[in-house]
Amino acid sequence: MHIYFDNASTTPLYPEVMEEMFEVQKSIIGNPSSIHYHGRNARASIEKARKVIAEYIHASVGEVYFTSGATESNNWVLRSAVSSLGVQHLVVSAIEHPCVLKTSRALETEGKIQLHILPVDENGSVDLIQLENVLGAINGKVLVSIMHGNNEIGTMQPIQEIGEICHHYGALFHCDAVQTITKYPINLQSLKVHFLSASAHKFHGPKGVGFLFMRNDAILRPLLLGGSQERSVRAGTENVAGIAGMAKAFQLSCDNMEGNRIYIQSLKDRVMQRLGTAYLDIRFNGNLNQHSLSHILSVSLPPTLKSDMVVMNLDIEGISVSSGSACSAGIEEDSHVLQAIQHPIQRKAIRCSFSKFNTIDEVDFCCDVILRILS
Ligand code: PLP
């Protein structure tokens, strides 16, 4: 038996998505840029997908741009906001994904922007007063990039309020919604965000495809030069089957969003209840009230040698969890997120992340193994 508790890293495909993608791969052979019959078929498949996604997020179809995933979307926003919208200041939180933080630092090193990194409190929350103070003190065009839900500790930021603050100070706002899209309602009619990034493989869609929402009044120039796909701002032949699969996964996830969330939260609650009452000095990182993602649980283990072995021993027992950020898995380095929340260095953090395909029995087995390893 193999148990998968690493759904913040990536998720298994829905069987229906697999079928949809197989069907598209089999029957749609054209290049969507071709004007003949086969090309028009491919184009129609893409536009159908765009409509599905746009409707769910309350955007217009012209505001959804397909990309290879959130890494590309985030790089595109940060780099092109500087080169095409005249942004001179970037404001980011200290716990953004590396694709935001590294791009921001690169832009600063290249002398293109001034970078303002907002610290977070011990739960991973951004201080909105501090955001206001920073924005109030800046002269020049600003882009604020703050994620909706953190991929390591699950803390959610109040993006509605952040959008209002950005609007008040005339700043552009980009939100990395990779961990929340299809899990929490996102209404781009009311949310004051200019750019929003998403990746299909986080919601049971295929890997290597995502999208960027870009508001009509903040159009970015392309990051890559080439063909005139995606209204001439994202060159490269579209991933037709991937896009169709993403739309299907989007639809399936959104159709039972609340039910899925309640179920997944019950799995997380169960782990917290079992590990938290075991008298082994097990703690939980992040904001544990309602501002926490239902699918992510960062567990802080006591400072013993046994804790160092937990991820490996769980793997031996057939349970996949993550230590630190999965996106830099394979390289053991201190997580910038754990540092930002001042997680004690001698404690070991592991991340369990759930999906609707997990069961209570799996959770119980995982808790049994963790408690056995630690005791
Ligand atoms: N942003 C967040 C919050 C993530 O969790 C991830 C992936 O883990 C990314 C961006 C990058 O997504 P992708 O690897 O699909 O490009």
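The following exchange concerns the fold of a predicted model and one of its helices, α9.

User: How many helices and strands make up the secondary structure of the protein chain?

Analyst: The model is predicted. Its C-alpha atoms fill a box of roughly 65 × 55 × 35 Å along the principal axes. Within the chain, the secondary structure comes to 13 helices and twelve strands.

User: What is the radius of gyration of the protein chain, and what does the globule rule give for 375 residues?

Analyst: Of the 375 residues, 57% count as buried. Among contacts with a separation of 6 or more, 74% join residues 24 or more positions apart. The chain is as compact as a globular protein of that length, because the globule rule gives 21 Å and the radius of gyration is close to this, at 21 Å.

User: Which residues of α9 are buried, and within what arc do they fall?

Analyst: Helix α9 covers residues 257-276 and reaches 28 Å from its first C-alpha to its last, close to the 28 Å expected. Its buried residues are Met257, Asn260, Ile264, Leu267, Lys268, Val271, Met272 and Leu275. Seen down the helix axis, these residues line one face, because they fall within an arc of 135 degrees.

User: Which exposed residues does the face of α9 turned away from its buried side carry?

Analyst: In an α-helix, residues three or four places apart point the same way, because there are 3.6 residues a turn. On α9, the face turned away from the buried side carries Glu258 and Ile262.

User: Against which elements do the buried residues of α9 pack?

Analyst: The buried residues of α9 include Leu267 and Val271. The partners of the buried residues are two helices and two strands by label: α8 (240-255), α13 (360-374), β9 (283-285) and β10 (296-301).

Technical notes:
Residues are numbered from 1 along each chain as its sequence is written. This is a predicted model: local features need pLDDT of at least 70, side-chain atom pairs count only at pLDDT 80 or more; totals for chains, interfaces and linings use all residues. Side-chain values use heavy atoms; hydrogens and water are left out. Helices (H or I, at least four residues) and strands (E, at least two) are DSSP runs, numbered from the N terminus. The expected span of a helix is 1.5 Å times one less than its number of residues. Buried means under 20% relative accessible area, exposed over 50%, partly exposed in between (1.4 Å probe, protein chains only). The arc is that of the directions from the helix axis to the C-beta atoms. Contact means heavy atoms within 4.5 Å. The radius of gyration is taken over C-alpha atoms; the globule rule is 2.2 Å times the number of residues to the power 0.38.
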